[in-house]
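These notebook entries record what I looked up in one structure, in the order in which I turned to each topic.

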Amino acid sequence: MLMVNYHNRTFHTVSNSQNGETSSETIFHYKQIGNVVFAEYQGGNIKYGHLLGLVSEYGTIEMTYHQVNVAGELMTGKCESIPEILSNGKVRLHENWEWTSGDLSKGKSIVEEV
């Protein structure tokens, strides 16, 4: 069982599907209380965003997110993040996400701890 605590970890996007809005300039600041995880993020095409999720006993996160992009649009979605612990002890998240606004498309992204 992989126990991951996300509290006070900072992540950045290393890859994303073309229909996604986050980029290498997007920085996520995570907090965690119990099994509740939340983060603020911004940078690149994101003026400001929040995510809120639940961490399973395996470290996976089921989350929803909302963000305002540089075009001034409010975008919403949901995501499942699966953790990988890197050899340096930092966390990489493999994410499968889906817009719940806009075109409702799906994508994949990878974010890594800075």
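**Entry 1. R9 and its partner**

With which residue does R9 form a salt bridge, and how far apart are the closest N and O atoms? I worked from a predicted model throughout. I found that R9 pairs with E113, with 2.7 Å between the closest N and O atoms. I then placed the two residues along the chain: R9 belongs to the segment before β1 (10-16), and E113 to strand β8 (residues 106-113). The pair thus links distant parts of the chain, 104 residues apart. I also looked up burial, and both R9 and E113 are buried.

**Entry 2. The other salt bridges**

I counted three salt bridges in the structure. Besides the pair of R9 and E113, I noted one between E84 and R92, whose closest N and O atoms are 3.3 Å apart. I recorded a further salt bridge where the side chains of R92 and E112 meet, at 2.6 Å from N to O. This pair, too, links distant parts of the chain: R92 is in strand β7 (residues 91-99) and E112 in strand β8, 20 residues apart. Shared partners join E84, R92 and E112 into one network of salt bridges.

I next asked how each member of the network is classed by accessibility. E84 has a relative accessibility of 30%, so I class E84 as partly exposed. R92 has a relative accessible area of 22% and is likewise partly exposed. Why does E112 count as buried? Its relative accessibility is 19%, and the cut-off for buried is under 20%.

**Entry 3. Strands and barrel**

I turned to the secondary structure of the whole chain. The protein chain has eight strands and zero helices, and along the sequence its pattern reads β-β-β-β-β-β-β-β. How are the eight strands arranged? They close into a barrel, in the order β1-β2-β3-β4-β5-β6-β7-β8, with antiparallel pairing. From one strand to the next, I noted an average twist of 30 degrees.

**Entry 4. Strand β3 and its neighbours**

I examined β3 in detail. Strand β2 (residues 27-33) pairs with strand β3 (residues 36-43) in the antiparallel sense, over seven bridges. Following the register, I found Q42 of β3 as the bridge partner of I27, and F38 of β3 as that of K31. The hairpin of β2 and β3 has two residues between the strands, and G34 there takes a positive phi near 60 degrees.

On the other side of the pairing list, seven bridges join β3 to strand β4 (residues 46-55), and these strands run antiparallel. The bridge partner of G43 in β4 is I46. β3 and β4 also form a hairpin with two residues between them, and G44 in the turn has a positive phi of about 65 degrees.

Which residues of β3 lie on its covered face, and which on its uncovered one? I listed V37, A39, Y41 and G43 on the covered face. The uncovered face holds V36, F38, E40 and Q42. Both bridge partners noted above, Q42 and F38, are therefore entries in the uncovered list.

**Entry 5. V68**

I looked up V68, which lies in strand β5 (residues 61-69). Its relative accessibility is 30%, so V68 counts as partly exposed. Which residues does V68 contact, leaving aside its neighbours within four places in sequence? I recorded N45, I46, K47, Y48, E73 and L74. For one of these contacts, N45, I also noted the C-alpha separation from V68, which is 8.8 Å, the two residues being 23 apart along the chain. I46, another of these contacts, is the residue already entered as the bridge partner of G43.

**Entry 6. The chain as a whole**

I closed with the overall values. The radius of gyration of the protein chain is 13 Å, close to the 13 Å that the globule rule gives for 114 residues, so the chain is as compact as a globular protein of that length. Its C-alpha atoms fill a box of roughly 40 × 25 × 20 Å along the principal axes. Of the 114 residues, 40% count as buried. The accessible surface comes to about 6,300 Å², and 55% of that belongs to carbon and sulfur atoms. Finally, among contacts between residues at least 6 apart in sequence, I noted that 35% join residues at least 24 apart.

Definitions and conventions
Residues numbered from 1 in each chain as written. Predicted model: local features only at pLDDT ≥ 70, side-chain atom pairs only at ≥ 80, totals over all residues. Heavy atoms only, no water. Salt bridge = Lys/Arg side-chain N within 4 Å of Asp/Glu carboxyl O. Helix = DSSP H or I, 4+ residues; strand = E, 2+ residues; numbered from the N terminus. Buried < 20%, exposed > 50% of the residue type's maximum accessible area, 1.4 Å probe, protein only. Pairing = 2+ DSSP bridges. Axes fitted to C-alpha atoms, helices over the stretch in contact; angles between N-to-C directions. Rg over C-alpha atoms; globule rule 2.2 N^0.38 Å. Contact = heavy atoms within 4.5 Å. Areas by Shrake-Rupley, 256 points an atom, 1.4 Å probe, with all protein chains shown as cover.
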